[in-house]
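Let's take a friendly look at how the parts of this model fit together. Here are the sequence and the structure to follow along with.

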Amino acid sequence: MKNLALAFCSIRPQQFSENVCDHREQEYLVCLQQLERVLPESFDLIVCENTIDSEDQIKNKNLKIYLADKEMVVLGRDGNIGTSNKGMGELLMLKTAIDQTDIDTYENISYISARKLYTCPYVFERTEKLKKQALISNPDAVFLDGKFSESSKDGLYNDMFFSMKSKTMIDYANYAMDYMQSNSLQQLGSEQVLYNFINSNNILYEWLNWLGIIRNDWERNQSIFDVSNFHFC
Amino acid sequence: MLKRNTSVIVDYANYAMKYIEENPVQTIGSEQLLYNFVVENNIDYEWLTWLGIIRNDWLSTIHNNWEESKTILNVDNFYIC
């Protein structure tokens with residue numbers, strides 16, 4: 001059976017300036033192209049987006065051309081419920097993608113926060129070999145200037161990347177929707193929602209010590225291409 | 001005595017030393033040397049499509065334009081492979 005990679009994008013969030021959104025377009029293009037380079041053949045890719053209503057809103061011609069022949073799930077700007085809690089926006093995209101896809105044809109589904117550089121196929125190869133219900137992680141981060149940052153280990157799992165058996169991912173999407181609908185304030189982050197789902201349902205999981213992902217956390221100092229904002233985990 | 005798997009890298013080290021001793025000018029690079037060793041000796045190998053390594057290649061650009069590349073932590077010099 002095949003596997004499915006769901007890549008979640010928020011290309012032009014309305015809370016960011018035009019300049020920042022223009023740079024995000026460039027970054028998404030680079031990251032999605034690299035994702036495809038390392039993605040094993042057993043994976044289909046679906047790109048999910050929740051900040052644009054039509055392709056005319058994308059300024060970067062190369063990104064527009066790239067996305068034109070990609071399978072996409074598009075929620076439109078009204079679907080971006082993640083302006084203050086962006087993980088919730090991704091969870092709504094997850095639920096929508098699952099509802100619009102023939103999920104039974106896939107053995108495993110990988111959840112991918114797409115504005116990251118995948119340095120190698122390691123996490124996808126682990127997904128192909130997955131025996132238990134889920135493949136999760138909570139890695140620390142090492143910045144390219146050498147700083148080490150330990151991640152919080154208190155009641156959360158990293159959700160930049162994780163994989164689940166298809167049925168488990170469907171259960172998780174429904175669990176997350178139930179949480180959002182019954183908690184209008186949504187005080188939990190998506191990483192805590194993932195942790196609670198895994199532990200309250202006794203989901204058996206395999207663990208990733210490191211992801212092999214590079215992230216540009218430019219919001220640290222608002223400088224878009226500053227090496228001190230890049231880190232791997 | 002069992003032949004350990006590490007014997008291949010021992011053979012490679014000896015192959016490289018022999019090349020260095022016999023070729024004082026050393027016109028080929030270490031990457032070519034590795035290629036020649038594997039091909040000439042029909043070494044069975046597995047393949048890595050990507051390494052997952054980040055390299056900061058600041059040194060190579062210094063020769064071209066020191067003023068622009070003298071910052072060792074310049075994001076333009078980092079690449080993955």
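## Pairing in the sheet

Two strands are said to pair if DSSP finds at least two bridges between them. Keep that in mind as you explore this predicted model.

In chain A, strand 1 (residues 2-9) and strand 2 (residues 43-49) run parallel and are joined by seven bridges. To see one partnership, look at A:Ala5: its bridge partner in strand 2 of chain A is A:Leu45.

## The sheet as a whole

Now step back to the sheet in chain A. The sheet is open, has seven strands in the order 3-2-1-4-9-6-10, and shows mixed pairing. Its edges are strand 3 (72-74) and strand 10 (205-208) of chain A, each of which pairs on one side only. On average, neighbouring strands of the sheet are turned by 20 degrees against each other, with direction ignored.

Which strands does helix 5 of chain A touch? This helix (residues 166-182) packs on the sheet and touches strand 4 (106-113), strand 6 (134-137) and strand 9 (161-165) of chain A. The direction of helix 5 makes about 115 degrees with that of strand 9 of chain A.

## Meeting chain B

Chain B contains four helices and two strands. Along its sequence, they follow the pattern α-α-β-α-α-β. Of the 81 residues in chain B, buried ones make up 1%.

Where the two chains meet, 15 residues of chain A are in contact with 10 residues of chain B. The chain A side of this meeting place has 11 nonpolar, two polar and two charged residues.

Notes: Residues numbered from 1 in each chain as written. Chains lettered and ligands numbered in written order. Predicted model: local features only at pLDDT ≥ 70, side-chain atom pairs only at ≥ 80, totals over all residues. Buried ≥ 20, exposed ≤ 12 C-beta atoms within 10 Å, placed from the backbone. Contact = placed C-beta atoms within 7 Å. Nonpolar A, V, L, I, M, F, W, Y, C, P; charged D, E, K, R; others polar. Axes fitted to C-alpha atoms, helices over the stretch in contact; angles between N-to-C directions.
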